[in-house]
Amino acid sequence: MIRKRPANERGHADHGWLDTWHTFSFADYHDPTHMGFRTLRVINDDIVKAGQGFGMHGHRDMEIITYLVQGELEHRDSLGTGSVLYPGEVQRMSAGRGVMHSEFNHSPDTDLRLLQIWLRPAREGIDPGYEDKYFPDEEKRGRLRLIVDPDGAEGALRIHTDARLHASILGPGQVVVHEPAPGRHAWVQVVRGRLDVSGLELAAGDGAAVSDESRLVFTGLDEAEFLLFDLN
């Protein structure tokens, strides 16, 4: 079964400095039918104006993935990490028993776009941690590139939950296949372009929940970038 989550049905807020779309309930957007999917709790598609951002704030007991789409992201946290990330870079922050961080648009004149993703950890109260890595587009074109994995397989970022995240870029007519193991579920999130998922068309911002499917066929309808979550 594949259930579409249309982009225009997501929660939306425009704060002037931040234009944000919420796939699942978040902040002032509450929808009891969209509280998350399996261990996936948050997908926020954020556009942050130049020089603006999120001041220092805290998290705990959440695995936080940031997927940078455009612009420059300046990150600082209470672990002593300070970095500027660019498109193609992915960040993993394990909040664990507690961490403070800030995220700002580092550019003085260009919008920043990122997807912030939260997943519930397998165990609470772990030591907080941070990791980031660059995954060039060439590694995503025409294939599913593993970018987050519990064991750090294939050079992926390591996460403290039973979830695997792939990124892919498909040109028109390009095809990749994913075969979930028995009992596994999936979430598809389209970053840009249009994508066919086993006969279901998805466009930028659309998502889809997948259960009880043994084979998923992804076909680019135009150049499409998407994320695929493999979940327990």
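Select Phe24, Phe37 and Trp187 to begin: in this predicted model, ring pairs link these three residues into a cluster. The count of aromatic pairs comes to five. Another of these to display is the pair formed by Phe26 and Trp118, which is edge-to-face, with 5.4 Å centre to centre and 75° between the planes. Phe26 belongs to the loop between strand 3 and strand 4, whereas Trp118 belongs to strand 11 (residues 112-119), so the pair ties together parts that are 92 residues apart in sequence. The two partners may then be coloured by accessibility. Phe26 has a relative accessible area of 23% and is partly exposed; Trp118, at 14%, counts as buried because the cut-off for that class is under 20%.

Remain in the loop between strand 3 (18-22) and strand 4 (40-48) and select Arg38. The phi of Arg38 is near 55°, a positive value in a residue other than glycine. Its relative accessibility is 41%, so Arg38 counts as partly exposed. A second residue to inspect for its backbone is Asp212, in the loop between strand 20 and strand 21 (216-220). Asp212 is not a glycine either, yet has a positive phi of about 60°. Asp212 counts as exposed because its relative accessibility is 71%. As background to both selections, most residues other than glycine have a negative phi.

Return now to Trp187 of the aromatic cluster and follow the strand pairing from there. Trp187 stands opposite Ala209 in strand 20. Strand 17 (residues 185-192) and strand 20 (residues 207-210) run antiparallel and are joined by four bridges.

Widen the selection to the whole sheet. Seven strands form an open sheet with mixed pairing, in the order 1-20-17-22-15-13-14. Strand 1 (2-5) and strand 14 (157-158) occupy the edges; each has a single partner strand, so one side of each is left without a neighbour in the sheet.

Which strands are joined to strand 22 by bridges? Strand 17 is one of them, antiparallel to strand 22 and joined to it by seven bridges; here Gln189 stands opposite Leu227. Strand 15 (residues 163-170) is another, also antiparallel to strand 22, with eight bridges between them. Within that pairing, Leu165 has Phe229 as its bridge partner.

Next, isolate strand 22 itself and show its side chains. Is strand 22 enclosed or open to its surroundings? Eight of the eight residues of strand 22 (residues 224-231) are buried, so the strand is largely enclosed by the rest of the structure. Both faces are covered: one side carries Ala224, Phe226, Leu228 and Asp230, the other Glu225, Leu227, Phe229 and Leu231, and all are buried.

Finish at the sheet edge formed by strand 14, where Leu157 is found. Leu157 is buried, with a relative accessible area of 0%. To see what surrounds Leu157, display its contacts beyond the neighbours within four places in sequence: Val90, Gln91, Arg92, Glu131, Asp132, Lys133, Phe135, Ile147, Val148, Asp149 and Gly152. For a distance to draw in the viewer, take Leu157 and Ala186, which are 29 residues apart in sequence and 19 Å apart in space, C-alpha to C-alpha.

Notes
Residues numbered from 1 in each chain as written. Predicted model: local features only at pLDDT ≥ 70, side-chain atom pairs only at ≥ 80, totals over all residues. Heavy atoms only, no water. Buried < 20%, exposed > 50% of the residue type's maximum accessible area, 1.4 Å probe, protein only. Helix = DSSP H or I, 4+ residues; strand = E, 2+ residues; numbered from the N terminus. Pairing = 2+ DSSP bridges. Contact = heavy atoms within 4.5 Å. Phe/Tyr/Trp six-rings, centres within 6.5 Å; stacked < 30°, edge-to-face > 60°.
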